[in-house]
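Study the structure shown below, then work through the exercises in order. Each task is followed by a solution in steps.

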Amino acid sequence: MRFAKNIERLILKLRIKTEPETKERILGDALETLEKLKQVDTTKARPNIWRTIMKDRRIELVGAAAIVIAALAAMRYFSDSIDGSSFAWARVAEEVEQMDTFTYRKRTTTDGLQEGETVLHFSPQYGVRLGRYSGGKVSVREFVLPAEKVVITIIPQQKKYVRMPLTADELRQMRQASDPRRLIRQFMSGRYTDLDRDNINGVEVYGMEVKNPPLSDEMLENAVGRLWVSVETDLPVRMELEGVAADGSRIKMVIDTFRWDAELTESDFGPTIPPDYTVETPESK
Amino acid sequence: MLEDSQLVRKVKRGEGDGLCRIYEKYGESLLMVATVLLRDVATAEDVLHDVFVSFVEGIAEFELTGNLKSYLAKCVANNARDRLRAKNRKAAGLNEFEPACLGSPRAEQIVAMDEQLERVNQALGQLPSEQREVIILHLHGGMKFREISSLQGISINTIQGQYRYGIEKLRSILGSEVKK
């Protein structure tokens, strides 16, 4: 077995010697063909993004999302000057909607003090897994499981867990609340300004800032949202939302360390409950 | 690193750098696949040229349902076989499966490497061509045995056997020389 692995590794190292102009020779005509096809495509009335939306059954576009993408796409085609910025954001909108699974981290500060962080895993098939951390330790683990229509909340410090059934509506709301793409759509439907290119943890990004984005959940005054997107992948790298809450405290939320299209399996969403934990029924709370 | 699905979407949008990235990711392996099948690097480069042009021409309808590398490797293998059949029709009597060392007659085409890799290269050339093909299609082409079986019209058991016997033969040729 070891020989087989070693020999396979060596065979993979074999290479054919090529001249510097080999790539040009192989790709030259293909790139030229691609350029010609692109020119043909831009003469068509409907933007490509519409074909993607109509064709791809995986994309769930409801209400605001469809309007956002339509507005951004329309700006690209109907404004007097070609607005590369709105086209770029339309592409971001298209890219994130394609992402079925993802993970991210969310940190919230209130008046400058960090309240802890949450790491979230999202899968349309398996549900939502959420871990809240305080002082570096996990304080709560939560599992929203669509197949069973339950949410299981585990509190390690108390060695307790709660299992609560969910209605279809509650399930939908919990999934929506965990989906940062909703916030992205809200940002993009506001009046935004482009930010200078930057570098976040070695990733070159471009960004937008939107004042008073049309938020549905967060009740914040003087809210400012920022979104940074990778130049290479057109996928979000970091999001910020800050503003003043109803009680006057200054809230800032940062969402980052995204892993888009993450490979998540059913076992990632299986709650592991130690045998010495006690179940707390919702009525007994 | 961009996922293949994103690279395909870039090409669909007409972005040339998406196509270049696909070539940078898989070009060397695809060239190896073509060269093993055709025993000639110049013709192998022609095959890659044709495969990439066809890929672009069909990009609007293309849907990535599996592994991009193995899809392109299949295209390369099909194109190479078509060329070999056309060549053999012209020169009847040639044995398509004439055993040939990967490293000859154009040994200079193999990248200068260490002694161990040179021995592996020579040993590969001593394998029957069907075993060598399966090994290269599987390792460099990233193709599963099921895909190779479908490509060659041979049962998957036979393909797996060819791979196994090929590796065993390499073991007997190289003995304990192969180190990690």
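The exercises below treat the interface, the nonpolar cores and one helix.

This is a predicted model, in which local features need pLDDT of at least 70 and side-chain atom pairs count only at pLDDT 80 or more, while totals for chains, interfaces and linings use all residues. Residues are numbered from 1 along each chain as its sequence is written, chains are lettered from A and ligands numbered from 1 in the order in which they are written, and side-chain values use heavy atoms, with hydrogens and water left out.

**Exercise 1.** Determine how many residues each chain gives to the contact between chain B and chain A, and what area they bury.

*Solution.* Step 1: contact means heavy atoms within 4.5 Å. By this rule chain B contributes 53 residues and chain A contributes 40 residues. Step 2: buried area is the accessible area (1.4 Å probe) that two parts lose on being put together, summed over both. For chain B and chain A it is about 4400 Å², with 66% of it on carbon and sulfur atoms.

**Exercise 2.** State how many salt bridges cross the interface of chain B and chain A, and give the classes of the residues on the side of chain B that touches chain A.

*Solution.* Step 1: a salt bridge needs a side-chain nitrogen of Lys or Arg within 4 Å of a carboxyl oxygen of Asp or Glu. The rule finds 7 salt bridges across this interface. One of them joins the side chains of B:Arg13 and A:Asp234 (3.9 Å, N to O). Step 2: helices (H or I, at least four residues) and strands (E, at least two) are DSSP runs, numbered from the N terminus. Among the elements that give two or more residues to this side of chain B are α1 (4-12), α2 (16-38) and α3 (41-57). The largest share, 10 residues, comes from α2(B). Step 3: with Ala, Val, Leu, Ile, Met, Phe, Trp, Tyr, Cys and Pro as nonpolar, Asp, Glu, Lys and Arg as charged, and the others, Gly among them, as polar, the side of chain B that touches chain A has 28 nonpolar, 11 polar and 14 charged residues.

**Exercise 3.** Describe the largest nonpolar core.

*Solution.* Step 1: such a core is a set of buried (under 20% relative accessible area, 1.4 Å probe, protein chains only) Ala, Val, Leu, Ile, Met, Phe, Trp, Tyr and Cys residues joined through side-chain atoms within 4.5 Å. Step 2: the largest has 64 residues, and those with the most contacts inside it include A:Ile11 and B:Ile135. α2(B) supplies the largest share of this core, 13 residues. Step 3: beyond its neighbours within four places in sequence, B:Ile135 is in contact with residues including A:Ile11, B:Tyr163 and B:Leu170.

**Exercise 4.** Why is helix α7 (residues 180-188) of chain A described as largely enclosed?

*Solution.* 9 of the 9 residues of α7(A) are buried, so this helix is largely enclosed by the rest of the structure. Among them are A:Arg181, A:Leu183 and A:Phe187.

Key: Buried < 20%, exposed > 50% of the residue type's maximum accessible area, 1.4 Å probe, protein only.
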